[in-house]
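Open the model in your viewer and keep the sequence panel visible. The stops below say what to select and what is found there.

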Amino acid sequence: MSVLDTLNGTAFTAFGQHVIWSDMIGNTIGLAALALGWRRSIWTWPAQLLSGVILVAAYASAHLSGGVGKQLLVIGVALWGWRQWQRGRKQAQDGSIAVRFAGWRERALLLGGTALGTGAVGTLFTLIPQLSWNPWPDAYIFVGTLAAMVAQARGLVEFWFAWLLVDVVGVPLAFSSGLAFSGLVYVVYLALVVWGMRDWWLRSRAAGPVLEGAAA
């Protein structure tokens, strides 16, 4: 039996849902990555990278090509975000990451890019049905995750709002795709997102105003 077969084997069954190893392990590491992001620890990025590698197997087993593509993007953005935070760490007084609210131009770029990206990816998934059995929610999560990670890499408080919007669609989609553990983890994400949002919000206010684009 290969490593991939083992990862996609059933870890346990609960309430009629089969939980596979890759889904459980990948999302547990992803949960740890979000908690590390809340603490503004640079280790959030290697954790996200490892989570993405393992979840590729989980989404492939559920025949969610969009999910596989999303995790490949997660791996790429995690490498970029790691580099950004290594540079940005110099901006914080306590050796952690300085956080701030985005400027209006940055918000417009994030919202516009997310809307255009979702439209483009959703259209692609619709035209090529084998890429995703549920094209528009899958596209929304695909692009929303990318937008959230870009905002996180730049130390923007809006990162948490983006994750909140992704979770609203991610929970029902994960359960309907047979990835029960992903659905449960998304529910826990909601609690971490609320706490993390409050922490970053307060820290951004305490740090004072920061010029737009300073984290670039």
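Start by selecting helix 3 (residues 44–61) together with helix 6 (residues 135–153). In this predicted model, the axes of helix 3 and helix 6 come within 12 Å and cross at roughly 160 degrees. Angles over 145 degrees count as roughly antiparallel, so helix 3 and helix 6 are roughly antiparallel to each other. The crossing of helix 3 past helix 6 is left-handed.

Which residues of helix 3 and helix 6 meet? On the helix 3 side, select T44, W45 and Q48; on the helix 6 side, select M149, Q152 and A153. Sorted by class, the contact of helix 3 with helix 6 holds three nonpolar residues, three polar residues and no charged ones.

Next, select helix 2 (residues 21–38) and helix 7; helix 7 covers residues 158–176. The axes of helix 2 and helix 7 come within 12 Å, and the crossing angle is roughly 155 degrees. That makes this pair, helix 2 and helix 7, roughly antiparallel. Helix 2 passes helix 7 in a left-handed crossing.

Show the side chains at this second contact. L34, G37 and W38 of helix 2 meet F159, W160 and W163 of helix 7. By class, the contact of helix 2 with helix 7 has five nonpolar residues, one polar residue and no charged residue.

Stay on helix 7 and select D167, which lies in that helix. Is D167 buried or exposed? Its relative accessible area is 1%, and buried means under 20%, so D167 is buried. To see what surrounds D167, add Y186, Y189, L190 and V193: D167 touches these four residues, leaving out residues up to four places away in sequence.

Now move to helix 8 (residues 180–207) and select W201, which lies in it. The relative accessible area of W201 is 35%. Partly exposed is the range between 20% and 50%, so W201 counts as partly exposed. Show F101, V157 and F161 as well, since W201 touches these residues when those up to four places away in sequence are not counted. For a distance to check in the viewer, pick the C-alpha atoms of W201 and E158. W201 and E158 are 43 residues apart along the chain, and their C-alpha atoms are separated by 9.2 Å.

The next selection comes from a record. An unreviewed UniProt entry places the feature "transmembrane region" at residues 20–38, 45–62, 108–128, 140–166 and 173–195. Color two of these spans. Residues 108–128 are 95% helix and 0% strand, with end C-alpha atoms 30 Å apart. Residues 140–166 are 85% helix and 0% strand, and the end C-alpha atoms of this span lie 7 Å apart.

Finish by clearing the selections and coloring the whole chain by secondary structure. How many helices and strands does the protein have? There are eight helices and two strands. Followed from the N terminus, the elements run α-β-β-α-α-α-α-α-α-α. The protein has 216 residues, of which 48% are buried. Among contacts in the protein with a separation of 6 or more, 69% join residues 24 or more positions apart.

Key. Residues numbered from 1 in each chain as written. Predicted model: local features only at pLDDT ≥ 70, side-chain atom pairs only at ≥ 80, totals over all residues. Heavy atoms only, no water. Axes fitted to C-alpha atoms, helices over the stretch in contact; angles between N-to-C directions. Helix = DSSP H or I, 4+ residues; strand = E, 2+ residues; numbered from the N terminus. Parallel < 35°, antiparallel > 145°, perpendicular 65-115°, else oblique. Left-handed = near helix turned anticlockwise from the far one by under 90°. Contact = heavy atoms within 4.5 Å. Nonpolar A, V, L, I, M, F, W, Y, C, P; charged D, E, K, R; others polar. Buried < 20%, exposed > 50% of the residue type's maximum accessible area, 1.4 Å probe, protein only. UniProt positions renumbered as here; feature names shortened; annotations may be inferred.
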